[in-house]
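Me: I'm new to this structure and would like a close look at a single part of it. Could you take one helix and walk me through what surrounds it?

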Amino acid sequence: MTLNNVKILIGDDSILARKQLKDVIRSYGSPIFFEAANGQEAVDAYKKETPDLVFLDIVMPVKDGITAVSEIVGHDKNADIVIVSSVGTQTQLKAAIEAGANDFIQKPLNADQVRHIITSRFEGR
Amino acid sequence: MYAQFFGNYLLTRDIVTKEQLITAMQKKTSQHMKLGTLAIHAGYMTAGEVDRVIILQTHQDKRFGEIAIHEGYLTETQVAELLKKQKPDFLRLGQVLIEDGVLDNEQLQDAIINYQSESEFDDFIYSDETRETIEHLLANFFVASERPLTRYELSYLQLLFNNLVRFIGDDFTPVAPYSAKEYPTNYCVSQKVSGEFSVRISIDMTKKCCIDFASRYAREIFPDFDEYVQASLEDFLNLHNGLFTVNLSNDYSVELQPDPPALETRELLTFQTETYLLPIIYPFGMLHFIIEIAPVE
C-alpha cells in the first residue's frame, strides 16, 4: 500500500491530536496532509483541496464537527469523512452518520482502528 | 489502585505534612521494598518484632529473612510468599516515610491498620476492587460536601481517578477536596459540560508541572512549555469529559454536551456557585481540579 498523492484532511482543535493522528498514519505511508483547527477551517480546506479522506473531531470552536460534516457532504456527496471524538455517545454517533460521516473512532486514538480505516480505503494502491 | 488514598489518609490525620508527602512520593519509585515492611502489612510480624530483627541485623551478617526465620517470627514459606507477592505502591510510600524519619515502623503499622479498618475493607491492594468498594471509598473521601454525592458526581470522580491512572500514572495521591470561593490560577484550562445539568471543570498547575504532565499524557518527552504541552492539558480534559458524557449517556440516558476546552486567562477565579477544589499530588508536583457545579452564565 502506498499513500503517495493521497490527500488527507485532519480537523481537530488540538494540535497534539492532529500530530498523533498524523504519526499513526505515517507508519503506513506518506500522504499529503492538510490541517484545520476548527469546523469552519475544515469546510474551507475541503472545498479548496478536495481530500480523499477527512478525519474530524466533534467538539471544536467556531463550528462543531457534525455541522462541518453536513456542510462538506452538502458540497460533495462523495466526501469520505471519519469522526474521531471522545464524545462517542449513541446520540452523537447517530448525528454524525445522519450528517454523512462514514465511520466513527472513539478517542483515545487506537492505532488499530486507524489502520483499519486506512487499509480499507487505500490497500491495493 | 486506591492505595492512592493512603497518602491522603496520612495527610488528613496530620501524620505527615504535604511537603513530607511530596518528598516521599518523589523518592518512592526507586524504592526497594523491605521484607519487614511487607511482613507488617501481611500481619506476619509486629512492628516491634521487625525493629528487633533490624537491631539483630546490626550484630549479625545475615539477611532480614534469615534472622526472622531463626527467631521464629516468619516461616520459610512466608518469606517466599512475601518476596513473590506484588509490592503495593502505598507500602513503598510508607517505607520512604520511615527512612526519612517521618514515621517509625510502629506508626506505619498503626496507620495501615486504622486506614484499612476505617475504609472498611481488607487486603484492598491485592483484591480486585468492586464498584461498590470504590464508590464507598470515594464517598468517604469526598467529605468536603455536606450532602451525599449524587450518582453522577460519584461516577465523575471514579472516572477521573481511573483516567489519571490510565493516562498519567498511578503514582498520585489525591488530597481531600474542599469548597472554595476563589482560586488564583497558574496555567489553567477549563471546559464546560452542559445539558440536563451543567458543570465547569478546570485543571490548573504550574508551567513546569504542565511539561511533566504533558510528557506522560502524550508519551513523549517535551523539554519546554510549548503548544504541544498546552494542547495536552486541553486534550486530557476534553478526553476525560468526553468519556464522562459517554458513560452518562450509556448508564443513565443523560445527554450532555462539552464545549471546546479553553485557556483560562483570569489570574483569580471567583465562584458564585458550589465549587470544589481537588488537589492531586504527583511526584512532579501538584495539580488542581476545579469543579464548579451549575456555573451561572
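Reply: Here is a walk around helix α12 of chain B, with stops at the parts that lead to and from it.

Keep in mind that this is a predicted model. Helix α12 of chain B covers residues 227-252, and a good place to start is its meeting with helix α11 of chain B, residues 207-218. The two axes come within 9 Å and cross at roughly 60°. Angles from 35 to 65 degrees fall in the oblique class, and α11(B) and α12(B) are therefore oblique to each other. As for the hand of the crossing, it is left-handed.

Who does the touching? On the α11(B) side you'll find C210(B), I211(B), F213(B), A214(B), Y217(B) and A218(B). Facing them from α12(B) are V229(B), S232(B), L233(B), D235(B), F236(B) and L239(B). Sorted by class, that contact has 10 nonpolar residues, 1 polar and 1 charged.

Now pick out a residue of α12(B) itself: A231(B) sits in this helix. Its relative accessible area is 7%, and because anything under 20% counts as buried, A231(B) is buried. Leaving aside neighbours within four places in sequence, its contacts are S14(A), I15(A) and L16(A), so to speak a handshake with the other chain. Back in chain B, A262(B) is 31 residues away from A231(B) in sequence, and their C-alpha atoms are 9.9 Å apart.

Chain A turns up again if you look at S86(A). Among the residues it touches are N238(B), L239(B), G242(B), L243(B) and V246(B), and on its own chain Q106(A) and K107(A), not counting residues up to four places away in sequence. L239(B) has come up before: it is also one of the α12(B) residues in the contact with α11(B). S86(A) counts as buried, at 1% relative accessibility.

Where does S86(A) sit? It lies in the loop between β4 (81-85) and α4 (90-99) of chain A. That strand belongs to an open sheet of 5 strands in chain A, ordered β2-β1-β3-β4-β5 with parallel pairing. At the edges stand β2 (32-36) and β5 (103-106), each with a single partner strand, so one side of each has no neighbour in the sheet. On average, neighbouring strands of this sheet are turned by 20° against each other, direction ignored. Between β4(A) and β5(A) there are 4 bridges, and the two run parallel. In that pairing S85(A) stands opposite Q106(A), and Q106(A) is also among the residues that S86(A) touches.

Let's finish on the chain B side, with the strands. Strand β5 of chain B, residues 199-205, pairs with β10(B) in the antiparallel sense over 6 bridges. One of the pairs here is S202(B) with I290(B) as its bridge partner. On top of that, β10(B) is joined by 8 bridges to strand β9 of chain B, residues 275-282, again antiparallel. There T275(B) stands opposite E292(B), and a hairpin of 2 residues links β9(B) to β10(B). As for how hidden β10(B) is, 7 of its 9 residues are buried, so this strand is largely enclosed by the rest of the structure.

Note on methods:
Residues are numbered from 1 along each chain as its sequence is written. Chains are lettered from A and ligands numbered from 1 in the order in which they are written. This is a predicted model: local features need pLDDT of at least 70, side-chain atom pairs count only at pLDDT 80 or more; totals for chains, interfaces and linings use all residues. Side-chain values use heavy atoms; hydrogens and water are left out. Axes are lines fitted to C-alpha atoms, for helices over the stretch in contact, and angles run from 0 to 180 degrees between N-to-C directions. Angles under 35 degrees count as roughly parallel, over 145 as roughly antiparallel, 65 to 115 as roughly perpendicular and the rest as oblique. A crossing is left-handed if the near helix is turned anticlockwise from the far one by less than a right angle, and right-handed if clockwise. Contact means heavy atoms within 4.5 Å. Ala, Val, Leu, Ile, Met, Phe, Trp, Tyr, Cys and Pro count as nonpolar, Asp, Glu, Lys and Arg as charged, and the others, Gly among them, as polar. Buried means under 20% relative accessible area, exposed over 50%, partly exposed in between (1.4 Å probe, protein chains only). Two strands pair if DSSP finds at least two bridges between them.
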